[in-house]
Amino acid sequence: MWYTWDIEVVFMLKYRKMIRPFDMVVAVLLMAFSFAPIAVFAHQQAQIPDNAQIYAIVTIGREVVARFPLEEGGESFTVLYTHEDGLRGEQYNLVEVDGGRIRVKEDNSPDQIAVNTGWISRPGQTSICLPHQFMIRIETTNPVIDDDEIIIAG
């Protein structure tokens, strides 16, 4: 009587001949490189000095509309962005700042990606609402990357 595991064993033996030793090396290297962004981001976060001022930059389109300093224990408030700030038609974004973190609390975009991003607080993080061309990015006054280290691909 054939059981499920018998079929799986036959399937594995049949296709095992197709895998070469170099294929395994490539697979292991690709898995190792997939963690590189995490290592780079962690390294950048470790390079930020304790006295660096962290702030959030709010842009609509390509225009900066606000900057908020983010400090633990700082002020908590909400800001509503509408067509008066550069959004089109009935679009709106409600931004909430809570001391050292910021988020898009509510908007009327179809996918709610910026709302689902939640709180952001570390330099390099962003919250983006593409239909509204609305973006919040976290930056610091002390840049982590020197101008000599910037690589321009093109």
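In the predicted model, Gln 133 has a relative accessibility of 46% and therefore counts as partly exposed, a class that lies between the limits of 20% and 50%. This residue is placed in the loop between β6 and β7. Its phi is near 55°, a positive value in a residue other than glycine. Most residues other than glycine have a negative phi. A second case is Gln 112, which has a positive phi of about 60° although it is not a glycine. Gln 112 is found in the loop between β5 and α4 (113–117). With a relative accessibility of 23%, Gln 112 is likewise classed as partly exposed.

The loop that holds Gln 133 is the turn of a hairpin formed by β6 and β7, with four residues between the two strands. Strand β6 covers residues 126–129, and strand β7 covers residues 134–140. The two strands run antiparallel and are joined by four bridges. Within this pairing, Ser 127 stands opposite Ile 136 in β7. The side chains of β6 alternate along the strand. Ser 127 and Cys 129 point to one face and are buried, whereas Thr 126 and Ile 128 point to the other face and are not buried.

A further set of strands forms an open sheet of three, in the order β3-β4-β5, with antiparallel pairing. The edge strands are β3 (76–81) and β5 (101–107), each of which pairs on one side only. On average, neighbouring strands of this sheet are turned by 20° against each other, direction ignored. Strand β4 comprises residues 93–98 and is joined to β5 by six bridges. One bridge partner in β5 is Arg 101, which is matched with Asp 98.

Strand β4 also contains Glu 96. The relative accessibility of Glu 96 is 17%, so this residue counts as buried, the limit being 20%. The side chain of Glu 96 is joined to that of Arg 103 by a polar contact of 2.6 Å. When residues up to four places away in sequence are not counted, Glu 96 touches Phe 77, Thr 78, Arg 101, Ile 102, Arg 103, Lys 105 and Trp 119. Two of these residues, Arg 101 and Trp 119, are themselves associated: Arg 101 lies over the face of Trp 119, at 3.9 Å from the ring centre.

Aromatic rings were also examined. A pair of aromatic rings is described by the distance of the centres and the angle of the planes. The structure holds two aromatic pairs. In one of them, the ring centres of Tyr 81 and Phe 134 are 5.5 Å apart and the planes meet at 55°, so the pair is classed as tilted. Because Tyr 81 lies in strand β3 and Phe 134 in strand β7, the pair ties together parts that are 53 residues apart in sequence. Both Tyr 81 and Phe 134 are buried.

For the chain as a whole, four helices and seven strands are found. Along the sequence, these elements follow the pattern α-α-α-β-β-β-β-β-α-β-β. The chain has 154 residues, of which 25% count as buried. Among the contacts in the chain with a separation of 6 or more, 40% are between residues 24 or more positions apart.

Conventions:
Residues numbered from 1 in each chain as written. Predicted model: local features only at pLDDT ≥ 70, side-chain atom pairs only at ≥ 80, totals over all residues. Heavy atoms only, no water. Pairing = 2+ DSSP bridges. Axes fitted to C-alpha atoms, helices over the stretch in contact; angles between N-to-C directions. Buried < 20%, exposed > 50% of the residue type's maximum accessible area, 1.4 Å probe, protein only. Phe/Tyr/Trp six-rings, centres within 6.5 Å; stacked < 30°, edge-to-face > 60°. Lys NZ or Arg CZ within 6 Å of the ring centre and 35° of its normal. Polar contact = N/O pair within 3.5 Å; in protein donor to acceptor, adjacent residues only side chain to side chain. Contact = heavy atoms within 4.5 Å.
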